[in-house]
Structure formats: structure tokens, C-alpha cells
Amino acid sequence: MKDFIPADEAKAMSKDALFAALESGPEGLSQTEAKKRLEAVGPNELTTKRESALLQFLRYFWGPIPWMIEIAAVLSLVNKDFGDFVIIAVLLVINACIGFFQEHRAANALDALKAQLALKAHARRDGAWAEVEARELVPGDLIRIRLGEIVPADLKLVDGDYVSIDQAALTGESLPVTMKTGDIAYSGSVVKQGDMTALVTGTAGNTFFARTAKLVETAGAGSHFQKAVLHIGNFLIIVALVLCVLLTIVLLGRGDNFWEILQFVLILAVASIPVAMPAVLSVTMALGALALSKQKAIVSRLQSIEELAGIDILCSDKTGTLTKNQITLGESVLLGASDEAALIQAAALASQGDNPDAIDGAVLAGLKDKNALQGYTLSKFTPFDPVSKRTEGAWTDAQGQTVCTSKGAPQVIFNLCGLQGDARTQADATVNQFAAKGLRTLGVARKNAQGWECLGILSLFDPPRDDSKATIEQAIEHGIAVKMVTGDNTAIAAEISGQLGLGRHIQPAGQFFTKEDDPAHLPEGKAHAIEAADGFAEVFPEHKYGIVKALQGQGHIVGMTGDGVNDAPALKQADVGIAVSGATDAARGAAALILTQPGLSVIVKAVELARQIFERMLSYTIYRIAMTVDIMIFVVLAMLLYPVVGGQHFYPLTPIMIILLALLDDIPIMCIAYDHTRTDPKPVRWNMGRVITVATTLGVLSVVQTFGVLWLGINTLGLASDPQHLQSMLFLQLVVAGHLLLFLTRTPKFFFLPPWPSWQLLGAIVVTQIFAVCLCGFGWLVPQLPWKWIGWVWVYNLIWMVGLDIAKVVLYRQLDHKAHHQRHIHAMSKHLGS
């Protein structure tokens, strides 16, 4: 048996020859044979070359930040300060170990999430159809491909009518390609229409394009929030470097040793630059993704978590999300059928019994006589697709006569049958009466010698989910406007929307999008009308994309749900594309969030978690800016204002102290990803001005606080002649003040009000504080301080903590008042403008 058959060879071979070459047949493979081949050819997935753990670890010693620390270590050797060299080298290794551990943990978390999104395939094994993992497919497997599925391997189509395949991701062709028996379908393409049986000719690296569909994207591209944080990081680096250059000039001017200056300045820059920022970002996002997965929402792109926190409009599918998706037959109206049983039987003949969809299942379940279809042999079945909006079945009955029936959207069936005049008016009125009750309808037709005859109308009922109304109320409380998006007619959509409390102002989507309109640039009047609507009916896939673009054009952050391959453009365009439970592989591949449980409540829970994650990132950013302002400005100003202490050039901190300070700050910061945070009642957006204002204010006040210790140490404790112990006191002051500041930045309220810190964050701070106290109290690595001085520093900082907290709360209230005033002015101007 060959490991694979190249695509061009497979296309040229007959079906029987290909079966023979792959040692397969119309019944597929046995489980035993498939397992044997899997061991021989390997899994159907591209093996990615993963970087070794050693290289990952060594990367933490390569880059601008590690270079600075390494140069400082080398300068210690140049100055023959071997003790500093050993300490700096050890601290560098410890910092690398922490970063490597957290990155490795985040990568493992993402791998676990990706495993939940594995592609599935329907393969014939041991003579029966079964769902298997796509990675377990082997050459010779007989599989079935259907609408919305990603082709899992290179295939030769061997049975069925036709399939329409979208190869845009592989070939760049904008239009789908119609394929029939004998054609080759390539791995990674998407089935747009049809249903066929195919033979696997090549898997994994032996596919024509040597690739498989990639459902889970990596977190390489930053979101708006990540980019903002990185911009702040760059800003802090520039500020730190400018101050370092200024400090170097001043120190050279007073005659300090050049190599000592260079060593000190390099280490000071390292302590001020947000070294832990990438690790904090990745760990917080990865842990957030794990928390979301426990709520049945799988994140495929980490940066979408922050976008999810800010959505203010959610466009939700009706079926299965707002309703139960448990369709059952309701009342029926006879037109040409002799009785209800005959009408349902005709509809059943236009249904797919093997793997039926929800509507087909409802029709088949409605057959009172379960033997009603015996004696019929299927000749051809045309499945439903979004264009034709109907199914059709051709059968041969027991007498050898051809029977052809169709079911689908009533308007389509009425047009198919040429229904006109009073009959059409009566039929349309019946559909509208059902719609007024929230019932969906199906037209049923049968083909006779004269053409198609309309047999009647079946009603279908899909009741709202029990939790939908309460969940929508909860979403509105969270500042999210929910808009229903459905392919049903306007009357049905309005009835269901009204029942759910969404409002009855439902607009048919077609009126907003004419052939002349560019969905990306709608006239302002139409865009405003879309924004004002409670929902949209009679929606086609291309309408969803236009609706999203229009709402985004009005300044909204939009979430869009979808389940089909045709929803992919809208899911990609939305700020947060959400593939609902049971979505096709293609929809899941396009979405940022994949739901594994039906209903809207999952999305609301995900929004709540996303906002908590956003708050963690926000508190980290404020803390990091404030600490950089505190350390850099204090050190520079202290060396300018106190150039000489104890008869020698004064350095407020030693290089070892600065590195210890950076390390002790970074350890608790890693635990901020576990912190308890409030859930903002409204959508959150990045407000750079507000963050910098709060952070800078706290940072400047912290500089004053630290200068207080310096002044008291020199003028009250008599340390003017003892710079070494003054340095230890300043080191302890910065460690204590920094961690107490973290308690303040994590909430806009008073720090003693809930939500209280998580045990992980509190524990990390307590442990690092005990370690810092021991360093100073026992004289480890720094000059020893009397215990009463350590207690004095703590009392001083606790008093300042209360004062800083009051200043923070007052500042937030002023900023909130200003923001409220600006929103009021904006609303008034918008109202006057309209």
C-alpha cells in the first residue's frame, strides 16, 4: 500500500484503480487496518518544529534588557568586584527561570485549549459511518464531506452529486469551485454547498499544499489594549534612558569613575524599564483563557479577551442562541395534499434521513407512521443551501414510479409552483398568521406531470430558551445592547424579539443593502437606522458583514455570533466573532471565541470574565508607570540634591540593591493574573489619558514619600555620615512602598473595600516583604539595619499608604465627574445634530 497518491495521479486514476492502489473499497477500512496505517504514516497533522526547552531558556539571556544586566556583570569583573558579579549573575538566572516557567506554563495552557478545537471527520470504518478525529485519517479512508466543513485531507470525490469548494485560502480564487465525481478536493479548503463521499489520497505533509486547516491562531498580533500597554512600555524606556543620560553627564561632571557610572546607570535602567511586562501580559491572557474555557467559551485568539471586555453591541443569532433549537412540527395548512399525513410524508421525502439537520429531524419525527417511507428508494437528494433555500428528494416507489418532492422557505416554494392570484394571497396570509405567533413555516411541493404542485404549509416552533430573557436583561445591565439577527421573516423575528424583551423594531436587512451600496461605506442615514434597530430579519450572509461594518462605523465595539461557513466574513470583521455551540468547522476557524454550550448566558459570563482580566491589566499598567516615575525621578533628583553624603559621592542605591528591587517587584506582579477584581458594569475601553494621569500622580507622590525617608534619615536618624545604612533604608523603603502601592492601584475604591486581593497575590507580597525585611534585618547582601528602624520604615509607609489612597479616590472621583460631564455634552450635541 502506498503512503499517498499525488493529487495529479489520483485525478487521472479511475475509482476502482484508486481503491486498488490504496487497498480500500466502498466499505472503507476496518478499525484495525486504519490503526495500522496510522502507525505507519503518522497522524494527519503537520508537525511543527518546536524550539527546545534549552533554547527557550537561553533566549532569556538574549535581548536589550538581559544585555544591560550582562554588561553590568562584566563591568563588575572589570572593577574586580567579584561579589557583585556573582550576585548579579545569580539574579539574572533567577529572573530567567521565572520568565521561562511562566511562558512554558502559558504555552501548555494554550496547547490544552487547542486540543479542544480538533477537527472532526465522518469516516466509514468497519462498514459503518463514525465520527473520528481528523488527525486519525489515513490514506484509503472513505469519508463524507458536507456543507460548512473544512476538507481534512487531500481527497478524490467518488460518490454523490456535487460539492462547491472554496479554495480561496489555498489558491486565491475568489469564487467557489464546483466539483463532481472524479475531482480532487484539497486539504484546507471549505465545503460551501453539497454533500459527497470521498477517498483520502494524502494526509499531513503528503497533501498537495502540505498543510492542514489551522483553527487556533497564536497571540502574535496585539490587540488595542496590548498595543497601548506596549506603547507605555516604550515611553517608559525612553524616559528612563533620557534620565540615565542626564545622570551620566552629572556624575561625570563630579568626577566619578566612568566604569562605575556605566554599571550603575545600566542597572538603574533595567530596574526602571518594565522587564516583566511581556510575561505579565502572556500569563494574564493565558490564565484568562483557561478561566473562560471553564465557562464553556474557548478563546482562539488571546487578544480577543480584551476586545470582549469592551463590546457594547452583540448581534446574536436567533436559532439555538436565543431559542432552544428544538424544532417540532406545529399546525399545518393543506393546499394540494389529501390530508396531513400525506403532507408530512411528502416533506419527509425531501428530508435527509442520514445525519438529518434540525428541520429534517422535526419533519421525520412528525411521521405518525414510522413505516411511511418504506418501499421508497432514494435516487438523488439535493441538500439545503443558503442560495436555493430548499431541499429536494427524488425517489423511486415500490411500483417503480419516480416521486420528486421539495420543501423549503414558503416564498421559494410558492414561486417554484407558480402560485398566483387568490391562492397566493391566501397562502401568504397563512404564512403571516403563523409568523404573528412566532412560528416558522415550510412550504411543501410535489412534482407531477404538469410541474410542481404546492401541497401545503407546515409550521415549525422553536421556543425561546428558558434563560434567554433573564440573560438579555443581564446583558443590558452590563451595558450591552443585544440585536437579533435572523434569516426568518420580519413578523417571526418581531414576535420572538418581543417575547425576549428586545423590542419589536425589527428591520429587514435587505432594505439597507442594495446593489449600489458598498457594505463598508453605507450612507449615514442607513447606518443610523441600523444602529437604531432592535434586530434584523431576512438576513443573508453578506448582510451580516455590512451590519457589523455599519455599527463599527458608528463607534461601537461589536460582537457577532455565527455558525455557518457563510458567516465567516462577519465573524472575521467583528471585534469579537463568536462561533456558537454546534458551529461548523469553518465558522469556528473564523471566530475569536468558540462556545461549547448553547445559549447567550455563556457570552455574558465570558464578558464578565474578560472585564475582570482587563482590570488586572489596567492595575498592572498604573502600578508599573507609578513605580518607574518613583524610582527614576527619585534616584536622579537625590543624586543632584545630595551629591555628597558622609564625605563621599552619594549613590541612593547600590547596583545589587537595584537588581534586588527589580526582582522583588516582579515576583508579586506575576501573581496579579490571579487577583480578584471588580466587574465593571459598563463596557471598558482603553483611556490612555486617565491611566497616565492616575499613575503619574501616584508616582510623583511616591517620590515625595521616598524623599521623606531620605530627609529623615539624614536629619533625624543621623545617617548623614553613614551612607551605607542610608542606602539600606532607602532600599527597604522602595520595596515596602512599591508593594503597598500595588494594593492601591488594583482598585479605584479605598483599598480596604472588596474585592480583596487573592491569596496568591497577597501571599507573594507577604513572602517578598518578609524576605526584604530579612535582607535588611540580618544584613544579607545589604548593610544590616536595626530592627527598630525597619519598624519605623513600615509605620511611615502605612501612614503614607492611607494618604495616597485618599488622594487616589479623590482623583478618580474628579476624573469620573469630568468624564460624565463630557458624555453629557457629547449626547446633547449628538441629539441636536440629529
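The following exchange examines how several labels in this predicted model are justified.

User: What makes β14 and β15 a pair of strands?

Analyst: Two strands pair if at least two bridges are found between them. Strand β14 and strand β15 (residues 451-461) share nine bridges in the antiparallel sense, so the criterion of at least two is met. One bridge partner of Arg-446 is identified in β15, namely Glu-453. A hairpin of two residues joins β14 to β15.

User: How do you know that β13 and β14 pair, and in which sense?

Analyst: Strand β13 (residues 402-408) and strand β14 (residues 440-448) are connected by four bridges; the requirement is at least two, and therefore they count as paired, in the antiparallel sense. Gly-408 stands opposite Gly-443 of β14.

User: Why is the pair of Phe-512 and Phe-536 called edge-to-face?

Analyst: The whole structure holds 10 aromatic pairs. In the pair of Phe-512 and Phe-536 the ring centres are 6.2 Å apart and the planes stand at 80 degrees. The centres must lie within 6.5 Å, and planes over 60 degrees apart count as edge-to-face; the pair is therefore edge-to-face. Phe-512 lies in the loop between β17 (506-508) and α18 (524-532), whereas Phe-536 belongs to strand β18 (residues 535-537), 24 residues apart, and the pair thus links distant parts of the chain. Phe-512, Phe-513 and Phe-536 form one aromatic cluster.

User: Why do Phe-512 and Phe-536 count as buried?

Analyst: Buried means under 20% relative accessible area. Phe-512 has 3% relative accessibility and so counts as buried; Phe-536, at 1%, counts as buried too.

User: What makes the pair of Tyr-796 and Trp-800 tilted?

Analyst: The centres of Tyr-796 and Trp-800 are 6.4 Å apart, with 50 degrees between the planes. Stacked requires under 30 degrees and edge-to-face over 60, so the rest count as tilted. Tyr-796 and Trp-800 are four residues apart in helix α27 (residues 787-833), and are therefore separated by about one helical turn.

User: Are Tyr-796 and Trp-800 buried or exposed?

Analyst: Tyr-796 counts as buried because its relative accessibility is 13%, and the limit is under 20%. Trp-800 has a relative accessible area of 23% and is therefore partly exposed.

User: How do you know that the charged end of Arg-390 sits over the ring of Trp-452?

Analyst: The charged end of Arg-390 is 5.8 Å from the ring centre of Trp-452 and sits over the ring; the distance limit is within 6 Å. Arg-254 lies over the face of Tyr-651, at 5.5 Å from the ring centre.

Terms used:
Residues are numbered from 1 along each chain as its sequence is written. This is a predicted model: local features need pLDDT of at least 70, side-chain atom pairs count only at pLDDT 80 or more; totals for chains, interfaces and linings use all residues. Side-chain values use heavy atoms; hydrogens and water are left out. Rings of Phe, Tyr and Trp (its six-membered ring) pair if their centres lie within 6.5 Å; planes under 30 degrees apart count as stacked, over 60 as edge-to-face and the rest as tilted. Buried means under 20% relative accessible area, exposed over 50%, partly exposed in between (1.4 Å probe, protein chains only). A charge sits over a ring if NZ of Lys or CZ of Arg is within 6 Å of the ring centre and within 35 degrees of the ring normal.
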